[in-house]
Amino acid sequence: MPKLILANGQALDIVIDSYNPNITLGRANCELNLSDVSVSSKHAQITRSADGKLCLSDLGSTNGTFINGSQLKPQNHYSLQDGDEIQFGGISTTYSENSDQNNNNYLPQQTSNSQVVHKNYEKAGHAPERYSSNSLKNAEYAGFWIRFGASFIDGLIVSAGSWILIIIVSVLTHSSLNKEFFTSPAYNLTNLINMVLGWLYYALQESSPAQATPGKMVFGLKVTDMKGDKISFLRATGRYWGKIISSFILLIGYIMAAFTSRKQALHDKMAGCLVVKAPRY
């Protein structure tokens, strides 16, 4: 029977038949569960091709699927071969077609709904041990100062974009950047556009597969929900506008990131989000 052999020696059976035409791998509620925050909820899928070969495809995972060191592009199908080294996020495995291999001591426990459950994934692959918990209780949260640095970089980017837009509008309206321009309807329209662009800058990037703005990427940070999953655009929008409240109360909402248990600012708590240090591969 084909198997995925984990770095710690455990083996996961790949059972594909008429009842299970494909196998989904992910962090939870999949046929094969890899309990690590570096693995997406629905990370990859194994199917059987017409010639009987098992094929692997990535389901648009956040941290990617790598085969023998090369990243598998989403939705591309790779025909698995005996001995392939496969990495799902930070979990390293080896594909084995040797049905005679004795792995009885490492077989995962089967539940009543045929889902595979196994333990000690925190010892497998290259993901830091702190990311091994489903609940993220051992995750390394981003503190106040590193988040301040990320916000400073993002602020510079947003400010630069804002000034570029102001200059473009002043040129198009044949206005000088004087006192009259900054009280004109054109400037008010520019402020409105900048407000929308600022919202989209944060919400789109924090809800993207990268889960981070450029400032956060510099420091290796990611925004997740309370389970470690990628947040939706709607949640990212709520987090962004929640910063208004964090600012209005003398920036105390931001300062909360320095002393709350999970390093959450007020807008993080309002949106149900966490900022964590992302594992590096």
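This passage describes the strands, a helix pair and the salt bridges of a predicted model.

The sheet is considered first. Six strands make up an open sheet, in which the order is β2-β1-β11-β10-β7-β8 and the pairing is antiparallel. The edges of this sheet are held by β2 and β8 (70-72), and each of these has a single partner strand, so that one side of each is left without a neighbour in the sheet. On average, and with direction ignored, neighbouring strands of this sheet are turned by 30° against each other. In general terms, the strands of a sheet pair through backbone hydrogen bonds, and this pairing may be either parallel or antiparallel.

Strand β1 (residues 3-6) pairs with two strands of the sheet, and both pairings can be followed residue by residue. With strand β2 (residues 11-13), β1 pairs in the antiparallel sense over three bridges, and within this pairing L4 has L12 of β2 as its bridge partner. The two strands β1 and β2 form a hairpin in which four residues lie between them, and G9, which is in the turn, has a positive phi of about 100°. With strand β11 (residues 91-96), β1 again pairs in the antiparallel sense, here over four bridges, and L6 stands opposite T93 of β11. As a general rule, the side chains of a regular strand alternate between the two faces of the sheet. In β1, K3 and I5 point one way whereas L4 and L6 point the other way, and all of these residues are buried. Elsewhere in the sheet, strand β7 (residues 65-67) is joined to β8 by three bridges, the two strands running antiparallel, and T65 stands opposite L72 in β8.

The packing of two helices is considered next. Two packed helices are generally described by the angle between their axes and by the distance between the axes. For α2 and α4, the angle is about 130° and the axes are 8 Å apart, which makes α2 oblique to α4. The contact between these helices involves several residues on each side, among them W199, Y202 and E206 of α2 and F233, R239 and W241 of α4. The crossing in which α2 passes α4 is right-handed.

The salt bridges form the last part of the description, and their count comes to seven. One of them joins the side chains of D229 and R27, with an N to O distance of 1.6 Å. Because D229 lies in the loop between β14 (221-225) and α4 (233-248), while R27 lies in the loop between β3 (22-26) and β4 (32-33), this pair ties together parts that are 202 residues apart in sequence. Both D229 and R27 are buried.

A salt bridge is also formed by the side chains of R147 and D268, at 2.6 Å from N to O. This pair links distant parts of the chain, with R147 in helix α1 (residues 144-172) and D268 in helix α6 (residues 266-271), 121 residues apart; both R147 and D268 are buried. A further salt bridge is found between E206 and R239, whose closest N and O atoms are 3.1 Å apart. Here E206 belongs to helix α2 (residues 185-206) and R239 to helix α4, and the two residues are 33 residues apart. Both E206 and R239 are buried. Finally, a network of salt bridges links R147, E206, K216, R239 and D268.

Key: Residues numbered from 1 in each chain as written. Predicted model: local features only at pLDDT ≥ 70, side-chain atom pairs only at ≥ 80, totals over all residues. Heavy atoms only, no water. Salt bridge = Lys/Arg side-chain N within 4 Å of Asp/Glu carboxyl O. Buried < 20%, exposed > 50% of the residue type's maximum accessible area, 1.4 Å probe, protein only. Pairing = 2+ DSSP bridges. Axes fitted to C-alpha atoms, helices over the stretch in contact; angles between N-to-C directions. Parallel < 35°, antiparallel > 145°, perpendicular 65-115°, else oblique. Left-handed = near helix turned anticlockwise from the far one by under 90°. Contact = heavy atoms within 4.5 Å.
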